[in-house]
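Please work through the exercises below with the sequence and the structure open beside you. Try each task on your own before you read its solution.

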Amino acid sequence: MGETTFEAVGNPTDVAFFKFLQDNEIPIHLNIQEKLANVLATVPFSSSAKFMATAVKTRDFQGEEIVTLYVKGAPEVVVKMCNSKLYNGENAQLNKNEHNEILGIVKTLAQQPLRVITFAFLQMDMVSWKNNFERGGNSASEALQSSLFKNSSSLCYIGTFGLDRKSTRLNSS
């Protein structure tokens with residue numbers, strides 16, 4: 001384990017996700033090493049929604065508090081939630097042809113014995129988070145789930161990958 005990596009343990013799908021982030025130079029290690037991340041809300045995975053989400057409070061490069069929403073789930077659901085993509089470390093527009101291209105790749109991956117998962121994110125300042133998710137009578141998690149269903153095209157696509165189904169299962173003896 002180096003200064004910019006860590007060894008993830010736990011749920012095999014989450015471990016694979018952390019490895020994917022590290023391999024793509026997304027600095028998840030900063031939150032973990034500095035322990036700045038705080039989970040503000042979660043939307044647990046459900047077979048009907050086919051995605052899960054976690055909102056994490058952290059700091060940007062200028063030290064300002066921000067919220068990053070991470071979403072993972074079925075490609076046919078999560079890709080539809082995205083209007084941009086992560087390209088060379090920046091957000092870039094994701095057009096309809098690119099949506100279709102991604103779903104074509106997903107179809108190819110799904111024909112193999114793989115668990116295919118798509119990842120996306122959204123960053124916002126704390127004021128936006130509080131105005132959109134911490135008002136009213138609902139919990140932040142309920143507001144987040146409702147927002148994802150209603151405004152499902154504002155996420156940034158990170159990527160889609162296929163995990164060998166055997167590698168995402170715990171060995172039992």
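**Exercise 1: An aromatic pair**

Phe-161 is buried, with a relative accessible area of 13%. Keep in mind throughout that the model is a predicted one.

Task: Find out which residue forms a stacked aromatic pair with Phe-161, and where in the chain the two partners lie.

Solution. Begin with the general idea that a pair of aromatic rings is described by the distance of the centres and the angle of the planes. The structure has 2 aromatic pairs by the rule used here. In one of them Phe-119 pairs with Phe-161, with 5.2 Å from centre to centre and 15° between the planes. Planes under 30 degrees apart count as stacked, and so this pair is a stacked one. Next, locate the partners: Phe-119 belongs to strand S6 (residues 114-125), whereas Phe-161 belongs to strand S7 (residues 155-164), so that the pair links distant parts of the chain, 42 residues apart. Finally, look at burial, where Phe-119 has a relative accessibility of 1% and therefore counts as buried.

**Exercise 2: Charged side chains**

Task: Determine which residues are joined into one network by salt bridges that share partners, and state whether they are buried or partly exposed.

Solution. Side chains of opposite charge can pair when their charged atoms come close. The structure holds 4 salt bridges, and we take three of them in turn.

- Glu-98 and Lys-85 form a salt bridge whose closest N and O atoms are 2.3 Å apart. Because Glu-98 lies in helix H4 (residues 96-110) and Lys-85 in strand S4 (residues 82-87), the bridge ties together parts that are 13 residues apart in sequence. Lys-85 has a relative accessible area of 17% and is therefore buried, and its charged end also sits over the ring of Tyr-87, 5.4 Å from the ring centre.
- Glu-65 forms a salt bridge with Lys-57, and here the closest N and O atoms are 3.8 Å apart.
- Glu-65 also meets Arg-59 in a salt bridge, at 3.9 Å from N to O.

Bridges with shared partners thus join Lys-57, Arg-59 and Glu-65 into one network. For the second part of the task, Glu-65 has a relative accessibility of 34% and counts as partly exposed. Lys-57, at 21%, counts as partly exposed, and Arg-59, at 42%, is likewise partly exposed.

**Exercise 3: The nonpolar cores**

Task: State how many residues the largest nonpolar core has, and which elements each supply at least two residues of this core.

Solution. The largest nonpolar core has 30 residues, and among those with the most contacts inside it are Phe-51, Trp-129 and Leu-155. The elements that each supply at least two residues of this core are S1, S2, strand S3 (65-73), H4, S6, helix H5 (126-133), helix H6 (140-150) and S7. Leu-155 serves as an example: if its neighbours within four places in sequence are left aside, its contacts include Leu-69, Val-71, Phe-121 and Leu-148. Another core, of 11 residues, lies apart from the largest one, and its members include Ala-16, Phe-20, Cys-156 and Ile-158.

**Exercise 4: A loop residue**

Task: Describe where Lys-50 is placed and what its phi value is near.

Solution. Lys-50 is in the loop between strand S1 (38-43) and strand S2 (51-59). Its phi is near 65°, which is a positive value in a residue other than glycine. With a relative accessibility of 37%, Lys-50 counts as partly exposed.

Notes. Residues are numbered from 1 along each chain as its sequence is written. This is a predicted model: local features need pLDDT of at least 70, side-chain atom pairs count only at pLDDT 80 or more; totals for chains, interfaces and linings use all residues. Side-chain values use heavy atoms; hydrogens and water are left out. Helices (H or I, at least four residues) and strands (E, at least two) are DSSP runs, numbered from the N terminus. Buried means under 20% relative accessible area, exposed over 50%, partly exposed in between (1.4 Å probe, protein chains only). Rings of Phe, Tyr and Trp (its six-membered ring) pair if their centres lie within 6.5 Å; planes under 30 degrees apart count as stacked, over 60 as edge-to-face and the rest as tilted. A charge sits over a ring if NZ of Lys or CZ of Arg is within 6 Å of the ring centre and within 35 degrees of the ring normal. A nonpolar core is a set of buried Ala, Val, Leu, Ile, Met, Phe, Trp, Tyr and Cys residues joined through side-chain atoms within 4.5 Å. Contact means heavy atoms within 4.5 Å.
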